[in-house]
Each structure stands twice: as C-alpha cells, then as structure tokens.
Amino acid sequence: QVQLVESGGGLVQAGGSLRLSCVASGSIFSINDMGWFRQAPGKQRELVTVITSGGSTNYADSVKGRFTISRDNTKKTVYLQMNSLKPEDTAVYYCNADVRSSYYTSYRRYWGQGTQVTVSS
C-alpha cells in the first residue's frame, strides 16, 4: 500500500503565501509524475500543476507565475509554493503520485486526503 499525506494548508489573507507538502510512503519502487489538484465548493476537481520525475513542470493558466511545484525524490516529497494568493484559490488541495510498487507492477495513481486552503479578501 502507498499513502500520501499533505500538510501546510490553512487560512491566509489575499496576497499572502502558503507552502504545501505531500509525502509518499509505503510500498514504493519508483514514482513517476507527482501533482496537485484542487476542488472548490460546488466545482469539479481541477489540475493545478504537475511535475515529472525528471523535473519538467506544467501549470494551469490560473496559477502560472504565482505557484511553483518542486519535488525531492530522496524524500519522496512534492511541494507547492503558493504566492500572491487570491480568494479564488480557496479550495481543498489534493496531491497525487503515479507509483510503481515493484519492478513487476505497473504505475498506479494514488491520492492524498486533501488539505484546506482558504484565502480571505
């Protein structure tokens, strides 16, 4: 089994910053893509950003220039630095990771439990 645990969410004023972390643990042979999604009340879950095992990144247009994803492969951790936060960034943020549990298995996507980010105006 693989577990993803997020941390770092909270309440912040507009214009402020937060840093989210997500640690993967359990039966892990290798990790491919890692990413962050978010879901606001009454809306569908949407992709925020993704980072490949080689460090290539992709961002939603709404967060480009404000959010930065990074990862530490030795710690099996992905980070999301969020700057210049806006009230519309308020959502539950979920991390995910494509994990291979052994040499003989294929990649499977795992999700964290989510962490609330609230941006007040």
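The following paragraphs lead the reader through a predicted model, from a sheet and a disulfide to a nonpolar core and one buried arginine.

A convenient starting point is the open sheet, in which 4 strands are arranged in the order S1-S3-S8-S7 with antiparallel pairing. Strand S1 (2-7) and strand S7 (67-72) lie at its edges; each has a single partner strand, so one side of each is left without a neighbour in the sheet. From one strand to the next, the twist averages 15 degrees. The pairing of S1 with S3 is antiparallel and extends over 6 bridges. Within the sheet, Val-5 stands opposite Val-23 in S3. In a regular strand, side chains alternate between the two faces of the sheet.

Strand S3 also holds one end of a covalent link. A search of the whole structure finds 1 disulfide, which joins Cys-22 to Cys-95 with an S to S distance of 1.9 Å. This pair connects distant parts of the chain, since Cys-22 belongs to strand S3 (residues 18-26) and Cys-95 to strand S9 (residues 91-100), 73 residues apart. The torsion about the S-S bond of Cys-22 and Cys-95 is about 45 degrees, and the disulfide is therefore right-handed. Are its two cysteines buried or exposed? Cys-22 has a relative accessible area of 1% and is buried; Cys-95, at 0% relative accessibility, is buried as well.

From Cys-95 the path continues along S9. Of the 10 residues of this strand, 8 are buried, so S9 is largely enclosed by the rest of the structure. Strand S9 runs antiparallel to S4, to which 8 bridges join it; here Gly-35 stands opposite Asn-96 in S9. With strand S10 (residues 108-111), S9 pairs in the antiparallel sense over 4 bridges, and the bridge partner of Val-99 in S10 is Arg-108. A further 3 bridges join S9 to S11, again in antiparallel fashion, with Val-92 opposite Gln-116 in S11.

The next subject is the interior. In soluble globular proteins, nonpolar side chains tend to be buried together. The largest nonpolar core of this model has 30 residues, of which Trp-36, Phe-67, Val-78, Leu-80, Met-82 and Tyr-93 touch the most other members. At least two residues of this core come from each of S1, S3, strand S4 (30-39), strand S5 (46-51), S7, strand S8 (77-82), S9 and strand S11 (115-120). The greatest contribution is that of S9, with 5 residues. Tyr-93 illustrates the range of these contacts: apart from neighbours within four places in sequence, its partners include Leu-20, Trp-36, Phe-67, Leu-80, Met-82 and Val-117.

Another of the contacts of Tyr-93 is Arg-38, a residue of strand S4. What is the relative accessible area of Arg-38? The value is 5%, and because buried means under 20%, Arg-38 counts as buried. Its side chain makes a polar contact of 2.7 Å with the side chain of Glu-46. A second polar contact, of 3.4 Å, joins the side chains of Arg-38 and Ser-62. Not counting residues up to four places away in sequence, Arg-38 touches nonpolar and charged residues alike, among them Val-48, Val-63, Phe-67, Glu-88 and Asp-89. Its contacts also include Ala-91, Val-92 and Tyr-93, and these positions fall within strand S9 (residues 91-100).

How values were computed: Residues are numbered from 1 along each chain as its sequence is written. This is a predicted model: local features need pLDDT of at least 70, side-chain atom pairs count only at pLDDT 80 or more; totals for chains, interfaces and linings use all residues. Side-chain values use heavy atoms; hydrogens and water are left out. A disulfide is a pair of cysteine sulfur atoms within 2.5 Å. Buried means under 20% relative accessible area, exposed over 50%, partly exposed in between (1.4 Å probe, protein chains only). Two strands pair if DSSP finds at least two bridges between them. Axes are lines fitted to C-alpha atoms, for helices over the stretch in contact, and angles run from 0 to 180 degrees between N-to-C directions. A nonpolar core is a set of buried Ala, Val, Leu, Ile, Met, Phe, Trp, Tyr and Cys residues joined through side-chain atoms within 4.5 Å. Contact means heavy atoms within 4.5 Å. A polar contact is a pair of N or O atoms within 3.5 Å; within protein, one must be able to donate a hydrogen and the other to accept it, and residues adjacent in sequence count only if both atoms are side-chain atoms.
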